[in-house]
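Here's a quick walk through the helix packing in this one. Have the structure open while you read.

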Amino acid sequence: MDTKTILFLVFAAILLAAAVRVITARNPVHAVLFLVLSFFSAAALWMLARAEFLAIALVLVYVGAVMVLFLFVVMMLDINVDRLRQGFWRHLPAAGFVAALIVLQLWLVLSYGRWQTMTEPGRGIREANNIEALGRLTFTEYVYPLQVAGVILLVAIVAAIALTLRRRKDTKYQDPSRQVKVKREERVRLVPMPPDLEGRQTAAAPAKKS
């Protein structure tokens with residue numbers, strides 16, 4: 001047994017244990033942390049399989065962004081764990097059936113799929129660069145679906161910003177361009193005011209009577 005096989009078994013065992021703890025952990029924060037550990041273990045397995053792009057994308061996108069957001073949401077919300085666990089055993093057979101279907105689909109795809117054709121003729125799957133193959137497929141065969149997906153995501157971002165943007169009339173806004181153009185003479189304005197002699201005389205009049 002070589003070192004690569006030993007590392008694969010170690011990371012696979014950590015991944016399975018962390019995935020089980022995600023479901024069985026009573027504290028939601030602990031469940032999120034175990035999910036982060038499972039993502040790191042999956043990234044390590046992809047690194048061993050020479051899928052560097054998928055491993056880096058998993059760590060940067062899911063662990064660095066999505067799971068941090070999940071952790072903040074779980075920590076800010078007051079989640080009733082006992083209420084969420086109601087009906088767990090009732091839905092367990094259906095969930096197990098769906099999990100078995102997912103495992104069967106993955107086995108069929110990995111066993112009889114055409115993913116080996118991504119490599120060039122004469123090069124084995126172990127010698128191929130997965131980033132090169134992914135880039136070749138993305139910018140040749142799937143370039144139009146990629147552009148369509150980018151346009152859809154851009155429209156979704158603009159729509160989300162437009163729906164959530166609310167301008168309030170009682171809120172003060174700053175204009176940096178006007179602040180930069182302000183001159184020294186415009187910052188302070190001296191207003192000449194004549195002395196109020198009548199007010200001083202009326203204030204001093206009661207003092208003279210006393």
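What percentage of the 210 residues of the protein chain count as buried? The answer is 12%. Keep in mind that we're looking at a predicted model, so every value here is computed from predicted coordinates.

**Overall layout**

On secondary structure, the protein chain comes to ten helices and zero strands. Reading from the N terminus, the order is simply α-α-α-α-α-α-α-α-α-α. As for how the chain meets itself, take the contacts with a separation of 6 or more: 52% of them join residues 24 or more positions apart.

**How α1 and α2 pack**

Two packed helices are described by the angle between their axes and the distance between the axes. For helix α1 (residues 3-24) and helix α2 (residues 28-48), the angle is about 155° and the axes are 8 Å apart. Anything over 145 degrees counts as roughly antiparallel, so α1 and α2 are roughly antiparallel to each other. The crossing of α1 past α2 is left-handed.

Who makes the contact? From α1 come Lys4, Leu7, Phe8, Phe11, Ala12, Ile14, Leu15, Ala18, Ala19, Arg21 and Val22. From α2 come Ala31, Phe34, Leu35, Leu37, Ser38, Ser41, Ala42, Ala44, Leu45 and Leu48. Sorted by type, the residues of this contact are 17 nonpolar, two polar and two charged.

**A few residues in that contact**

Start with Ser41, which sits in helix α2. Is Ser41 buried or exposed? Its relative accessibility is 3%, so Ser41 counts as buried. Setting aside residues up to four places away in sequence, Ser41 touches Phe11, Ile14 and Leu15, and those three are among the α1 residues of the contact.

Ala44 is also in α2. With 17% relative accessibility it falls under the 20% cut-off, so Ala44 is buried too.

Leu37, another α2 residue, is partly exposed because its relative accessibility is 38%. Beyond its neighbours within four places in sequence, Leu37 is in contact with Ile14 and Ala18. Over on α1, Leu7 has a relative accessible area of 35%, so Leu7 is partly exposed as well.

Here are some C-alpha to C-alpha separations for these residues:

| Pair | Apart in sequence | C-alpha distance |
|---|---|---|
| Ala44 and Phe11 | 33 residues | 7.0 Å |
| Leu7 and Leu45 | 38 residues | 8.4 Å |
| Leu37 and Val63 | 26 residues | 9.0 Å |

**The largest nonpolar core**

Which residues make up the largest nonpolar core? There are ten: Val32, Val36, Phe39, Ala42, Ala43, Ala55, Leu58, Val63, Met67 and Val74. The elements giving two or more residues to this core are α2 and α3 (52-76). So what does α2 do in this picture? It takes part in the contact with α1 and also gives residues to the core. Ala42 appears in both places, being listed in the α1 contact and in the core.

Val32 is one of the core residues. Leaving out neighbours within four places in sequence, Val32 is in contact with Met67, Leu71 and Val74. Two of those partners, Met67 and Val74, belong to the core as well.

Key: Residues are numbered from 1 along each chain as its sequence is written. This is a predicted model: local features need pLDDT of at least 70, side-chain atom pairs count only at pLDDT 80 or more; totals for chains, interfaces and linings use all residues. Side-chain values use heavy atoms; hydrogens and water are left out. Axes are lines fitted to C-alpha atoms, for helices over the stretch in contact, and angles run from 0 to 180 degrees between N-to-C directions. Helices (H or I, at least four residues) and strands (E, at least two) are DSSP runs, numbered from the N terminus. Angles under 35 degrees count as roughly parallel, over 145 as roughly antiparallel, 65 to 115 as roughly perpendicular and the rest as oblique. A crossing is left-handed if the near helix is turned anticlockwise from the far one by less than a right angle, and right-handed if clockwise. Contact means heavy atoms within 4.5 Å. Ala, Val, Leu, Ile, Met, Phe, Trp, Tyr, Cys and Pro count as nonpolar, Asp, Glu, Lys and Arg as charged, and the others, Gly among them, as polar. Buried means under 20% relative accessible area, exposed over 50%, partly exposed in between (1.4 Å probe, protein chains only). A nonpolar core is a set of buried Ala, Val, Leu, Ile, Met, Phe, Trp, Tyr and Cys residues joined through side-chain atoms within 4.5 Å.
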